[in-house]
Amino acid sequence: MQENIAPTKANLMASKAALDFSQKGYELLDKKRNVLIREMMGFMDRAEKLQQIIGETFKEAYEALIMANVTLGITEVYEVAKSIPTADETTMLTRSVMGVEIPMIKYEKQDIQHYYSFYHTNTALDVALQKFHEVKYLIYELAEVENSVYKLAVEIKKTQKRANALQNIQIPKYEFLVKMISDVLEEKDREDFFRLKLLKKKKV
C-alpha cells in the first residue's frame, strides 16, 4: 500500500483521528445492521405464520365458494359479489427503524355486512363471504409485513456494504498510515538522539 503522505506529526495526528472515526463508524454500522437483522427476522416469522393462516383460510373460502356456485348457480353468486362495496378502510402510515421507513397499514376491523337477501342464498355463500372477509384483513397485515421485510433487506445490504468498506479498506488504510508515519518518526527521533550524543562527545 503506497501513500504519498509526508511522515509528519500533523499527518500522524490526522491519520489517528481518521482511524478512530472509521472504527467508531464501523461499530455504529455493525450495531445498526444487527438491529435491522433482528427486526427483519421478527417480520419474517410473522410472514411465515400469516402465509400459513391465509393459505388455510383461502382453502376454506374457495371450498365454500365452489359449493355456493354448485347449489346457487354462478350467476346468482356473481350478482351477490357485485353488490359488495370496494374496501377503502385502510390508511398508510410509516414508522422509523434505524432510519428505515417501515409501512403501517392502519384500519379498523368491521363486522361482516350481508349485502344480499338470505331468501335467495344459502349457508355455503355465508361461509365463503365470512372467510374472504377474514382473508382481507390477513392480507393487509401480510402486505405490511412483506413490504417491511423488503425495505429492511435493502437497508441491511447497504449497511453491510458500508461496513465492509470501512472494515476492509478504510480501517486497514489508516492503520497502515499510522504505523508507517510512527515508524518513520521514531527512526528520525533515534537518529536525532544519536546525532546529539555525537555532538556532545565532540564538544567534550
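These questions and answers walk through a predicted model, from its largest pocket to its salt bridges and loops.

User: How much space lies in the largest pocket?
Analyst: Start with the lining. The largest pocket is lined by 23 residues. The space in this pocket is about 580 Å³.

User: Which residues lie nearest the centre of the largest pocket?
Analyst: The lining draws on several elements. Those giving two or more residues are α1 (9-72), α2 (74-83) and α3 (123-203). Nearest the centre of the pocket are I84, P85, L129, H133 and K136.

User: Which element gives the most to the lining of the largest pocket?
Analyst: Three helices give two or more residues each: α1, α2 and α3. One of them gives the most, with 7 residues. That element is α3.

User: How do the residues of the pocket lining divide into nonpolar, polar and charged?
Analyst: The lining has 23 residues. Polar residues number 4, and charged residues number 4. The nonpolar residues number 15.

User: What is the area of the nonpolar surface patch made by I37, M41 and M44?
Analyst: Take M44 as a way in. M44 lies in helix α1. Its relative accessible area is 38%, so M44 is partly exposed. With I37 and M41, M44 makes a nonpolar patch of about 240 Å².

User: How many salt bridges does the structure hold?
Analyst: Several can be named. Among them, D20 pairs with K24, and K179 pairs with D183. The structure holds 11.

User: How far apart are the closest N and O atoms of D20 and K24?
Analyst: Both residues lie in helix α1, 4 residues apart, about one turn of the helix. D20 is partly exposed, because its relative accessibility is 35%. K24 is partly exposed as well, at 49%. Their closest N and O atoms are 3.3 Å apart.

User: Are K32 and E155 buried or exposed?
Analyst: The side chains of K32 and E155 meet in a salt bridge, 2.9 Å from N to O. The pair links distant parts of the chain, with K32 in helix α1 and E155 in helix α3, 123 residues apart. K32 has a relative accessible area of 15%, and E155 has 15%. The cut-off is under 20%, so both count as buried.

User: Which residue forms a salt bridge with K179?
Analyst: The partner sits in helix α3 with K179, 4 residues apart, so about one helical turn separates them. K179 is exposed at 53%, while the partner is partly exposed at 36%. The closest N and O atoms are 2.9 Å apart, and the partner is D183.

User: Which residues are linked with E60 in a network of salt bridges?
Analyst: Some salt bridges join into a network. E60 is one of its members. The others are K131 and E134.

User: How far apart in space are L28 and T75?
Analyst: L28 is placed in helix α1. L28 counts as exposed, because its relative accessibility is 59%. L28 and T75 are 47 residues apart in sequence. In space, C-alpha to C-alpha, they are 62 Å apart.

User: How far apart in space are L142 and I171?
Analyst: L142 has its place in helix α3. At 12% relative accessibility, L142 is buried. L142 and I171 are 29 residues apart in sequence. From C-alpha to C-alpha, the distance is 41 Å.

User: What is the phi of M98?
Analyst: Most residues other than glycine have a negative phi. M98 has a positive value. M98 lies in the loop between β1 (91-97) and β2 (100-106), and is partly exposed at 40% relative accessibility. Its phi is near 55 degrees.

User: How far apart in space are A87 and K136?
Analyst: A87 lies in the loop between α2 and β1. A87 is partly exposed, with a relative accessible area of 39%. K136 is among the residues nearest the centre of the largest pocket. A87 and K136 are 49 residues apart in sequence, yet their C-alpha atoms are separated by 8.9 Å.

Conventions. Residues are numbered from 1 along each chain as its sequence is written. This is a predicted model: local features need pLDDT of at least 70, side-chain atom pairs count only at pLDDT 80 or more; totals for chains, interfaces and linings use all residues. Side-chain values use heavy atoms; hydrogens and water are left out. On a 1 Å grid over the protein atoms alone, a cavity is a set of points where a 1.4 Å probe fits but cannot get out, and a pocket is an open set with protein on both sides within 12 Å along at least five of seven lines; lining residues have an atom within 4 Å of a point. Grid points are joined across faces, edges and corners, and a volume is the space filled by probe spheres set on the points. Ala, Val, Leu, Ile, Met, Phe, Trp, Tyr, Cys and Pro count as nonpolar, Asp, Glu, Lys and Arg as charged, and the others, Gly among them, as polar. Patches are made of residues with over 30% relative accessible area and no salt bridge: like charges are joined within 9 Å, nonpolar side chains (Val, Leu, Ile, Met, Phe, Trp, Tyr) within 5 Å. Accessible areas come from the Shrake-Rupley method with a 1.4 Å probe; for residues, only the protein chains shown count as cover. A salt bridge is a side-chain nitrogen of Lys or Arg within 4 Å of a carboxyl oxygen of Asp or Glu. Buried means under 20% relative accessible area, exposed over 50%, partly exposed in between (1.4 Å probe, protein chains only).
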